[in-house]
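User: Please walk me through the helix packing and the nonpolar core of this model, with the cut-offs stated as you go.

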Amino acid sequence: MLNMLTMLLQVAGGVGAGLAVIGAGLVVLGTGVGIGRIGGSMAEGIARQPEAGANIQTASIILAVFIEGVALFGLVIAMLAST
Amino acid sequence: MSLGIHIPIRAPLRDLGAVLQEHAGEAAEAAGHVAQETHAEEWGTEAMIHHVVDSHEWELGPFGTVQLPEIPPIQIAGLEIDLSITKHVLFLMFATILTVVTMFLAVRASRRLEQGEKAPGGILNAMEAFYLYLRDEVVMANIGHGGERFAPLVITLFFFILYANLLGLVPFGATATGNIMVTSALAIVSLVVIETAGFVALGPKGYAKTIFFLPPGLPTALKPVILLIMAPVELIGKFSKIVALAIRLFANMTAGHFVILALLGLILTYGSFQPIGIVTILGSMFLSLFVMFLEIFIAFVQAYIFAMLTAVFIGLIRHAH
């Protein structure tokens, strides 16, 4: 475990950069959870009312894009912080 | 156009590249193979970043390199403005030409329709579908009455960003919208239109109310306190939406290309290690192909999101009362 941490710090070039790498991982984790929940709601909604399928699909894709936008903000900050 | 503002994205990743190359070299020796042409020295984060950022040369692979014209910087009021035609500027011009040609052909097709000749078929039909969808579902639905005046802007934004995104996916192409300055400029255009639309629709007093907002039924003693706290928040809210527009587009375009370059770089780094090499090459090729399909989809979606959010913000500020 400590070996992994030291290699992480070595790769990232310092404590700040190492934490930035972990931060990036957390960002991706949050995004995965968020988009996964949208996917689940979408499947349930379409299962309950197949006629609304197209509406639900369009709305879900737009929401997923927003969440991905927020994730990429986090990634940009992580990139800038890994100095 | 560099205003001397430096966003340090390259510098931190250089060390990462050096360490990755070290590790790649070690892995080669540990595997017991002679590390002849690992190509690890040629492919690192440096090479990846080189393909994504702006440059003064347009690299055409086996057909050579085009040196783009460099214009000496102009001094305006203490700022140094560099107006040279860099790679991204060139592709912005291509996107502009494509947008203008699209609109021109669409107008010609609609005139033919009015004069009773045969209906547009094929690609002009698809363009018309885009226009009608954007005008009815995006502009009119979000802005409401008086929205036709904003339809040209929203539709132009959509097509311009779409072409700029897609040009990055053709061979020897570069993504102009993968440059934070380009997306910031587009977002500033949206900002000017949104605030002007709000000012014109609400009048000076109504517009000031969007910043200095007082909920009704508040005791007089609390009013200054609330104003003092909420006014900066409202101002920041106006700008944060625009900054979000810029960064969303920039990050989506750059991230996709970075992933593709990293996957293709795997071929260069590990492709010569037999027998794993063959698997690496095939796997990397199929993954890159899949990611490029995803990139096409994301190009469309991001252009649509930018245009739609501009329409939504215009509608929100016009109906603020």
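The questions and answers below treat helix packing and then the core.

Analyst: This is a predicted model, in which local features need pLDDT of at least 70, side-chain atom pairs count only at pLDDT 80 or more, and totals for chains, interfaces and linings use all residues. Residues are numbered from 1 along each chain as its sequence is written, with chains lettered from A and ligands numbered from 1 in the order in which they are written.

User: How are α3(B) and α4(B) oriented to each other?

Analyst: The axes of α3 (residues 87–114) and α4 (residues 123–143) of chain B, helices being DSSP runs of H or I with at least four residues, come within 10 Å and cross at roughly 100°. Axes are lines fitted to C-alpha atoms over the stretch in contact, with angles from 0 to 180 degrees between N-to-C directions. Since 65 to 115 degrees counts as such, α3(B) and α4(B) are therefore roughly perpendicular.

User: Which element gives the most residues to the largest nonpolar core?

Analyst: A nonpolar core joins buried Ala, Val, Leu, Ile, Met, Phe, Trp, Tyr and Cys residues through C-beta atoms within 7 Å, where buried requires 20 or more other C-beta atoms within 10 Å, C-beta atoms being placed from the backbone. The largest core has 50 residues, and Ile161(B) and Phe306(B) are among those that touch the most other members. Elements giving two or more residues include α3 of chain A and α5 (151–167) of chain B, but the most, 12 residues, come from α8(B).

User: Against which elements do the buried residues of α3(A) pack?

Analyst: These buried residues are Gly69(A), Ala71(A), Leu72(A), Val76(A) and Ala78(A). With contact meaning C-beta atoms within 7 Å, they pack against α2 (15–48) of chain A together with α7 (223–270) of chain B.

Technical notes
Buried ≥ 20, exposed ≤ 12 C-beta atoms within 10 Å, placed from the backbone. Contact = placed C-beta atoms within 7 Å. Parallel < 35°, antiparallel > 145°, perpendicular 65-115°, else oblique.
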